[in-house]
Amino acid sequence: MGFVNQAKANEALRQAQDAYANGDQVLVYKFIEANKGSITTGPMVGIGPQIQAVEAIGWTLCNLATAESKTMTGERIAVVCLFRRR
């Protein structure tokens with residue numbers, strides 16, 4: 001995993017740990033795909049490791065939705081995930 005994707009996974013983990021420590025039962029988190037030219041079928045760059053980081057500490061992915069997201073570097077795919085505590 002590249003530096004940027006690792007940083008994103010670390011931040012997702014930090015946010016998930018905070019929510020877990022606060023006793024939250026639900027966590028909604030938005031991940032932005034790294035690959036800006038993705039118009040074909042294939043892996044979504046960086047998304048899997050970020051989801052795994054959140055699940056590793058006791059959250060379970062229940063639902064997800066995708067949407068276009070505008071970023072400073074252009075349009076990307078956003079994956080909005082609903083996690084619940086195990």
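**Helix packing and residue environments in a predicted model**

The structure holds zero disulfides. A disulfide is a covalent bond that joins the sulfur atoms of two cysteines. Of the cysteines examined, Cys81 is buried, with a relative accessibility of 1%, whereas Cys62 is partly exposed, at a relative accessible area of 38%. The model described here is a predicted one.

The chain is built from two helices and three strands. Their order along the sequence follows the pattern α-β-α-β-β. The chain comprises 86 residues, of which 28% are buried. Among contacts in the chain with a separation of 6 or more, 64% are formed by residues 24 or more positions apart.

The packing of the two helices was examined next. Helix α1 spans residues 3-21 and helix α2 residues 47-55; the two pack at an angle of about 25°, and their axes are 8 Å apart. Since angles under 35 degrees count as roughly parallel, α1 and α2 are therefore roughly parallel to each other. The crossing in which α1 passes α2 is right-handed. On the α1 side, the contact is made by Asn5, Lys8, Ala9, Ala12, Leu13 and Ala16, while α2 contributes Pro49, Gln50, Ala53 and Val54. By class, seven of the residues in this contact of α1 with α2 are nonpolar, two are polar and one is charged.

Within this packing, Gln50 is a residue of helix α2. Gln50 counts as buried, with a relative accessibility of 2%. Beyond residues up to four places away in sequence, Gln50 touches Asn5, Lys8, Ala9, Ala12 and Phe31. Of these partners, Asn5, Lys8, Ala9 and Ala12 are among the α1 residues that make the contact between the helices.

Gln6 also belongs to a helix, in this case α1. At 34% relative accessibility, Gln6 is partly exposed. The C-alpha atoms of Gln6 and Pro49 are separated by 8.2 Å, although the two residues lie 43 residues apart along the chain. Pro49 is one of the α2 residues in the contact with α1.

Another residue of helix α1 is Tyr20. Tyr20 is partly exposed, with a relative accessible area of 30%. Apart from residues up to four places away in sequence, the partners that Tyr20 touches are Ile57, Gly58, Trp59 and Arg85. For one of these partners, Gly58, the separation from Tyr20 is 38 residues in sequence and 8.1 Å in space, C-alpha to C-alpha.

Asp24 is placed in the loop between α1 and β1, the latter comprising residues 26-32. This loop residue is partly exposed, as the relative accessible area of Asp24 is 32%. When neighbours within four places in sequence are left aside, Asp24 is in contact with Ala19, Trp59 and Arg85. Trp59 and Arg85 also appear among the residues touched by Tyr20. In addition, Asp24 and Arg84 are 60 residues apart in sequence, and their C-alpha atoms are 8.6 Å apart in space.

Technical notes:
Residues are numbered from 1 along each chain as its sequence is written. This is a predicted model: local features need pLDDT of at least 70, side-chain atom pairs count only at pLDDT 80 or more; totals for chains, interfaces and linings use all residues. Side-chain values use heavy atoms; hydrogens and water are left out. Axes are lines fitted to C-alpha atoms, for helices over the stretch in contact, and angles run from 0 to 180 degrees between N-to-C directions. Helices (H or I, at least four residues) and strands (E, at least two) are DSSP runs, numbered from the N terminus. Angles under 35 degrees count as roughly parallel, over 145 as roughly antiparallel, 65 to 115 as roughly perpendicular and the rest as oblique. A crossing is left-handed if the near helix is turned anticlockwise from the far one by less than a right angle, and right-handed if clockwise. Contact means heavy atoms within 4.5 Å. Ala, Val, Leu, Ile, Met, Phe, Trp, Tyr, Cys and Pro count as nonpolar, Asp, Glu, Lys and Arg as charged, and the others, Gly among them, as polar. A disulfide is a pair of cysteine sulfur atoms within 2.5 Å. Buried means under 20% relative accessible area, exposed over 50%, partly exposed in between (1.4 Å probe, protein chains only).
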